[in-house]
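Let's walk through a protein model together, one question at a time. Have a look at the picture and then try each question before reading on.

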Amino acid sequence: MSEVKDTQGQLWEVFIQTKKGLPFKHAGSVHAFDKEMAIQNARDLYTRRGEGRGMWVIPANAIVAVDPSDDESFFDPSDDKVYRHPTFYELPDGIKNM
Amino acid sequence: MELLDLSRFCMRLGDSCLIMAHRQSEMCSKGPFLEEDIAQTNLGLDLLGQSEALLKYAVELEGKGRTADDLAYRRSERDFYNFMLTEQPNTDFAFAVVRQYIMALYLGKVYETLVKVDDETLSGIAEKAVKEIAYHQRHLEMWVKRLGDGTEESHERIQTAVNELWMFVGELYEEDQLDLKIQKAGYAISGDEMKVYLMEEISSFLTESTLLVPESVYMTTGSKIGIHTEYLGYILAEMQYLQRAYPDAKW
Amino acid sequence: MGAKELDVLFQERIDANEKIEPRDYMPEEYRQHLIRQMSQHAHSEVIGMQPEGNWITRAPSLRAKKILLAKVQDEAGHGLYIYSATETLGITRDELIEKLHQGKAKYASIFNYPALTWADMGAIGWLVDGAAITNQVSLQKTSYGPYSRSMVKICKEESFHQRQGYEIIAAMANGTPEQKEMAQDALNRFWWPSLMMFGPHDSDSPRTGNAMKWKIKRESNDVLRQRFIDKTVLQAELIGLTIPDEDLKWNEEKGSYDFGEIDWDEFWSVVKGGGPCNLKRLNHHIKAHKDGEWVRKAAAAYSQKHSNK
């Protein structure tokens, strides 16, 4: 086998779900050499005080991010499309709870 | 079963956990990378917690007014009952991993039995410990595999560790009169059962990790009557120093 | 948009107390300043594991052993939170470690002092962590998002550390005459180095200007140092220990304590490598790193062999 390089492993991003039903939140990153080690390291670092019920770890280089300089064109257009908002619709009087 | 017998049983278990936790804590700030440093201290904390709970119960059963600290800090070498395996040094990462891996298998089995006993205190301790040890086993198996099937150097180092620690495994399934009483009360499985379990588990896992199971030539014995390796003296000298130097002080 | 315009917009965001996130535009000096400050902060947590780690094996009770082990573990965790935040700036863990080993990155000078007795565990928790808390609470409002978030997380966990230290030293101050002497001795040795943790007078600190402008730093060194002194003096008095400063006096007008002048020669000497433990701390870290090489390589090799699992 070719010479193995000495590194600190790869970077993995960690997402924690604190309670069932809640969304997964980004908690930070860990280093590990493979998947199994990544979940264990993430568990040891980010859930020592019982912060987690669920956890995802993802190699950092697998994440696709939106560049902030694209922000305006990427995120803004939804502002003037009112029909996604419930207040756009006129409902007959007497309809409650919709 | 006599209270003193159960007390001694808890003391044996507690002592092993204590000395193991102590060896673990020596590795603090010396890990191969920072994440593993945390993982190792995690294992140490769990074992320390188990040891404290067991030693507390041991003195309660004994009823002589001693405390868990008295057991940890005021007993001498010949009154400790930890397995000799637990006092073996952290020669390198492989030695630490193998030592802890084998003990994790043993403890897992022991706690698995204790979860079911009528004794509320002991089953409570075991219920918590069984979950902790399951994680220890997972973590240590991960390393046994990676070191065994990693590089030539790692393979050689862990094989050496397995070979040199092998003679301490026999104590884990040895039986004396006390063990037979404990087994009769349903608090432990037989020595044969433990031997079969350990040997099967270890054999298959070592093989999976491309390692060889050593041929047993000699198994050491004696910790159940306070016979130890020369390492224990040094461990206690360090661990007990402050309490011995300032016998009247409270910390 | 030109660089100058981007810089102006950046400063406007800072002035408006907006958080800067990893992929936002930032001047290169801002990025470098953060890398230096954050990596040194992380290194401090890790090096700090050494003086305390030394005493775990000699902790004088099971409870003390457990608590100290947990504290040191926390410190490793804090180091990791901050390394993680630093790596968002485009530098790798390998590079960070190399800089530490080459002496290009520093760590808090306080850890270049030796932990000589068990009482030092008390002093370190009470004073060193106390000073760190004062600093970190202020840093929660730092402008860089990941750094700020790591500070919030750390502050939540840190108060246990200070309480642990204070408990140790309080027990000794109220114990046997030998224990009391040990406690006072630890305070004598750690008081001034703890004050030095806040850094030089702002007027003598060349980087303070930018740090404040960019809201990396939210309050000055002197303000933080004064805050620490004001809350700590009472804590010492409560347990009957004397702070080793003859010039320490309550100033009614100012509503805070006047205190003696720090030995700045000692301060600069230790920062530049002339402390009692500088070599020991660094060598320890280097040795652990070298000893771990075969383990890291084994993990990497295994991963290469089994990359489909």
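Here come some questions and answers about the chains, where they touch and how some charged side chains pair up.

This is a predicted model, where local features need pLDDT of at least 70, side-chain atom pairs count only at pLDDT 80 or more, and totals for chains, interfaces and linings use all residues. Residues are numbered from 1 along each chain as its sequence is written, chains are lettered from A and ligands numbered from 1 in the order in which they are written, and side-chain values use heavy atoms, with hydrogens and water left out.

Q: What pattern does chain A follow along the sequence?
A: Helices (H or I, at least four residues) and strands (E, at least two) are DSSP runs, numbered from the N terminus. Chain A has 2 helices and 3 strands. Read along the sequence, they give β-β-α-β-α.

Q: What percentage of the residues in chain A is buried?
A: Buried means under 20% relative accessible area, exposed means over 50%, and partly exposed is in between (1.4 Å probe, protein chains only). Chain A has 98 residues, and the buried part of them comes to 29%.

Q: How much area do chain C and chain B bury between them?
A: The size of an interface is often given as the accessible area lost when the parts come together. Here buried area is the accessible area (1.4 Å probe) that two parts lose on being put together, summed over both. Carbon and sulfur atoms hold 70% of the area for chain C and chain B, and the total is about 4000 Å².

Q: Which residues of chain C lose the most area to chain B?
A: Contact means heavy atoms within 4.5 Å, and 44 residues of chain C are in contact with 48 residues of chain B. The three that lose the most area make up 20% of what the chain C side buries, and they are Leu62(C), Trp294(C) and Tyr302(C).

Q: How many residue pairs are in polar contact between chain C and chain B?
A: A polar contact is a pair of N or O atoms within 3.5 Å; within protein, one must be able to donate a hydrogen and the other to accept it, and residues adjacent in sequence count only if both atoms are side-chain atoms. With both residues at pLDDT 80 or more, the count between chain C and chain B is 17.

Q: Which helix gives the most to the side of chain C that touches chain B?
A: Several helices of chain C supply at least two residues each to that side, among them H3 (49-56) and H4 (62-87). With 13 residues, the one that gives the most is H4(C).

Q: Which residue of chain B meets Arg93(C) in a salt bridge?
A: Side chains of opposite charge can pair when their charged atoms come close. A salt bridge is a side-chain nitrogen of Lys or Arg within 4 Å of a carboxyl oxygen of Asp or Glu. Arg93(C) is buried, and so is its partner. With N to O at 2.9 Å, that partner is Glu35(B).

Q: Which residue of chain C also meets Arg93(C) in a salt bridge?
A: At 2% relative accessibility, Arg93(C) counts as buried. Glu87(C) is buried too, with a relative accessible area of 9%. The N to O distance in this pair is 3.1 Å, and the partner is Glu87(C).

Q: How many salt bridges cross the interface of chain C and chain A?
A: This contact takes 27 residues from chain C and 23 residues from chain A, with about 2200 Å² buried. The side chains of Arg296(C) and Asp6(A) meet in a salt bridge at 2.7 Å, N to O. The number found across this interface is 1.

Q: How many charged residues are on the side of chain C that touches chain A?
A: Ala, Val, Leu, Ile, Met, Phe, Trp, Tyr, Cys and Pro count as nonpolar, Asp, Glu, Lys and Arg as charged, and the others, Gly among them, as polar. By class, this side has 8 nonpolar and 6 polar residues, and its charged residues number 13.

Q: Which side chain of opposite charge is nearest to Arg99(B)?
A: Lys and Arg count as positive and Asp and Glu as negative, while His and the chain ends are not counted. Arg99(B) lies in helix H5 (residues 93-114) of chain B, and its side chain makes a polar contact with the side chain of Asn90(B) at 2.9 Å. Arg99(B) is buried yet has no salt bridge; 6.5 Å away, the nearest side chain of opposite charge is Glu26(B).
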